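The exercises below are meant to be worked through with the sequence and the coordinates open side by side. Each task is followed by a solution that proceeds in steps.

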Amino acid sequence: MADTARIDWRAIDNDPRFQELHRRKTRFLWGLMVFSLVYYFLLPIGAAYFQDLFKIKVWGPVNVGLLFALSEFIVAWAIAWYYSHRANTEFDAMAAELIRDAEKIGGRK
Amino acid sequence: MTRNRLVFFAVVAALAAVATPALAQGAVAPKWQWLTFAVFGVIIGITMYVTFLAAKRVKSAADFYTAGGGVSGLQNGWAIAGDYLSAASFLGIAGLISLYGYDGFMYSVGWLVAYITVLLVIAEPCRNIGKYTLADILAYRNNPKATRIVGAISVITVSTFYLTAQMVGGGVLVKTLIGIDYEISVIVVGILMLGYVLFGGMVATTWVQIIKAILLVTASILLVFFVWLPYGFSLPAFLRDVVGDPKVQAQVATLLGDPAKNLSAAELGQRFLEPGLYFKAPIDQISLGMALVFGTAGLPHILMRFFTVPTAQEARKSVIWAMAIIGGFYVLTIFLGMGAAIKVGPTQIRAVDAGGNMAGPLLAQYVGGGADSMLGNLFLAFVAAVAFATIVAVVAGLVLAAASAMAHDLYVGVIRQEHVSPEEQVRAARIATVVVGAIAITIGILAKGQNVAHLVALAFAVASSANFPCVLLTLFWRRCNTGGIVLGMIVGTLSAISLVLVSPNMTYPSVVRPAQEKIVATQAASIAKLNGDLATAADDAAKAKIKAGIEAAEKAKAVAEGRLKDLGDAKTSIVGLEKPWFELRNPGLISIPLGFLAVIIGSLLYRDKRAEDMWDELYVRQNTGILAAKAAAH
């Protein structure tokens, strides 16, 4: 951890590039988090309070409830894919720039 | 090496010698038990070989706890799946689906969604600032001594609950499956696990989990292939057979009771694909969902897996792989569970194990050609061996997590204040492993016959109410500090545990006794009636059927009588209540908000200069990974 002393963390925190990364990431992550939680809890709520809807048959014996439960898997995978796509292409590049300049930002103490 | 190998074979031979005379009747017929042992022996052989290779690489504490950070994202994804798909989830969920249809499948969803929380807010930040344990994250900007103590206590608490559930559940499972005595299987699991962890540390544990996950997924894919093939891989065609099956319809009729009388056979069958056969209390369902989606991110043995990869990118990749494997597996369980319901039948499944745990293994036997065929028994033996390997793999991960809290946090961090040589750190880790392993075996044997199902719920409750709020807020909330962490850990843990202690999970003699007495009375009446029928039965076939009925009724009566005997004269639950004081089985709905509230209040009431000063460093590092890659390269 000898390296930590050579980096001015406050200066990086105040760096506009970090601020931008932080702003984008925060909005993206918590938005996605809230969406996935809402989507998940719709399942037990639907199963308990909207049984008539869940019982509607749409494809042979396959009903809305079954399709909705299956969609939970698809949505979870889609969220994971979308997050990693954004992180791989956008956030990693922004972080890489900060890592490269870490010891320069704010000048050495 | 040669000496090690000799020791290894001696241990295996000794275990085999101990296990052989203890064999009784399980799902695997005695005639075929050698097959299970052969398959299991091969699995042990492969994993032990990996452990030998790994043992040479374990030189430092980093090697022991985190495989030196040298695990790839793909490997870690499989290992997470292997760690997470415990016997309870891989046999239990297929069982629930086979008995209750839709609700069983719905139950599995939360176990996957949990990984979204892990992916979005936990995995990468923890990789970026953590080292070996959960408490490392808490100690980063808070008072190291105080937060290590509360963090370690919480980790040990959660791991012990989970460990006990695994040991006891595993022991029962192995007995039902293979017929090995309970104590023997607990000891064998314990010793095998110690062998992996002691010699191979995290490298061996990782590989045991990977190999087990691959076997589990392969077995499931094969089974589903054979079950689904006759339907041309069409979902509606398969489900049409499910809802049209008389066994399934009979099961739904039994579950519904009186209201079923107004339903036609087709309606009964369709009801199997609709919610409400298992979960009766929606609020409890939501509470359980909360414990799952927030608790998984606070499970120490899952968290620890993210320290084994070199970078945040690899941590991300490992969650993606884990989600693909775990989710794919749960989708397959629809076919495993429903397939077992039509091929084997709910009655048959319940006859071997009331919880439905044998649905998967029995389906394997059916697919292979049935109880009398070589192939059927080979399939069953394979699934049984995978189940055994599962318990070993999950227990190994848990013991490693508990041992790291004990050795790294409490001994090295608190007692010795970090003044410990690298050699001594590894020694401390190994000693802690033996201690935890011995405790696990002892608890496993002492807790024989106890109902441990609620312990997994309890582990998730504590993880979601104490660990998760503390980790999340120290990573993302500037004002969070030592006061908040200490208060949050205490309030989260205590509220989760005390709410479970006064919940319907406990045994309430005044509720259980009349119910069991009623079972005894009804079964006695039905035995008397069947005996009457027996005298007037027309032919031998009818007689045999009645005799089987009598046998089943006597078995059910004996179980109920056993329960009554266990109750003794007790009038109240362990904490002295006549009936549950808190109606939810899962405390998450109350205890998770309480945990968050405690961290917030504790932080606001306490002033901690270090936590404020270190915030910039922690926040920049958790977001960017500055220094993390370098640290891993050392």
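**Exercise 1. Determine the order of helices and strands along chain A, and describe the overall form of that chain.**

Step 1. In this predicted model, chain A reads α-α-α-β-β-α along its sequence, which amounts to 4 helices and 2 strands.

Step 2. The C-alpha trace of chain A spans about 70 × 25 × 25 Å along its principal axes. The radius of gyration of chain A is 22 Å, whereas a compact globule of 109 residues would have one near 13 Å.

Step 3. Of the 109 residues of chain A, 25% count as buried. Among the contacts in chain A with a separation of 6 or more, 64% join residues that are 24 or more positions apart.

Step 4. For a local view, take Phe50(A), which is found in the loop between α2 and α3 of chain A. Phe50(A) and Gly65(A) are separated by 15 residues in sequence and by 9.5 Å in space, taken from C-alpha to C-alpha. Phe50(A) has 15 other C-beta atoms within 10 Å and is therefore partly exposed.

**Exercise 2. Work out how many residues each chain gives to the contact between chains A and B, and which elements of chain A take part.**

Step 1. Chain A contributes 48 residues to the contact and chain B contributes 42 residues.

Step 2. On the side of chain A that touches chain B, at least two residues each come from α1 (9–14), α2 (16–49), α3 (51–54), β2 (62–63) and α4 (64–101).

Step 3. Sorted by class, that side of chain A holds 33 nonpolar, 8 polar and 7 charged residues.

**Exercise 3. Find the domains assigned to chain B and state how far apart their centres lie.**

Step 1. The domain assignment of chain B gives domain 1 as residues 2–452 and domain 2 as residues 521–555.

Step 2. The C-alpha centres of domain 1 and domain 2 of chain B are 40 Å apart.

**Exercise 4. Examine the helices α18, α20 and α21 of chain B for burial, and for span and bending where these apply.**

Step 1. Begin with α18(B), residues 359–368, in which 10 of the 10 residues are buried, so this helix is largely enclosed by the rest of the structure. The buried residues include Pro361(B), Gln365(B) and Tyr366(B). They pack against α6 (92–100), α9 (144–178), α10, α16 (312–343), α17 (346–352) and α19 (374–415) of chain B. After α18(B) comes Gly369(B), which has a positive phi near 130°.

Step 2. Turn to α20(B), residues 422–446, whose 25 residues reach 36 Å from the first C-alpha to the last, close to the 36 Å expected at 1.5 Å a residue. Its buried residues include Gln425(B), Ala429(B), Thr433(B), Val436(B) and Ala440(B), and what covers the buried residues of α20(B) includes α3, α9, α10 and α19 of chain B.

Step 3. Finish with α21(B), residues 453–476, whose 24 residues reach 34 Å from the first C-alpha to the last, close to the 34 Å expected at 1.5 Å a residue. A kink of about 35° nevertheless lies at Asn467(B), shortly before the proline Pro469(B). Because 20 of the 24 residues of α21(B) are buried, this helix is largely enclosed by the rest of the structure.

**Exercise 5. Consider Ala67(B) and Phe233(B), which have positive phi values although neither is a glycine, and decide whether each is buried or exposed.**

Step 1. Most residues other than glycine have a negative phi.

Step 2. Ala67(B) has a phi of about 55° and is found in the loop between α3 (61–66) and α4 (73–84) of chain B. Ala67(B) is buried, because 27 other C-beta atoms lie within 10 Å and the cut-off for burial is 20 or more.

Step 3. Phe233(B) has a phi near 55° and is found in the loop between α10 (182–228) and α11 of chain B. With 11 C-beta neighbours inside 10 Å, Phe233(B) counts as exposed, since the cut-off for exposure is 12 or fewer.

Step 4. In helix α11 (residues 235–243) of chain B lies Ala237(B), which is partly exposed, with 14 other C-beta atoms within 10 Å. When neighbours within four places in sequence are left aside, Ala237(B) is in contact with Tyr231(B) and Gly232(B).

Key: Residues numbered from 1 in each chain as written. Chains lettered and ligands numbered in written order. Predicted model: local features only at pLDDT ≥ 70, side-chain atom pairs only at ≥ 80, totals over all residues. Expected span 1.5 Å × (residues − 1). Bend = angle between axes of the 7 residues up to and from the residue. Contact = placed C-beta atoms within 7 Å. Nonpolar A, V, L, I, M, F, W, Y, C, P; charged D, E, K, R; others polar. Rg over C-alpha atoms; globule rule 2.2 N^0.38 Å. Domains from an automatic or database assignment.
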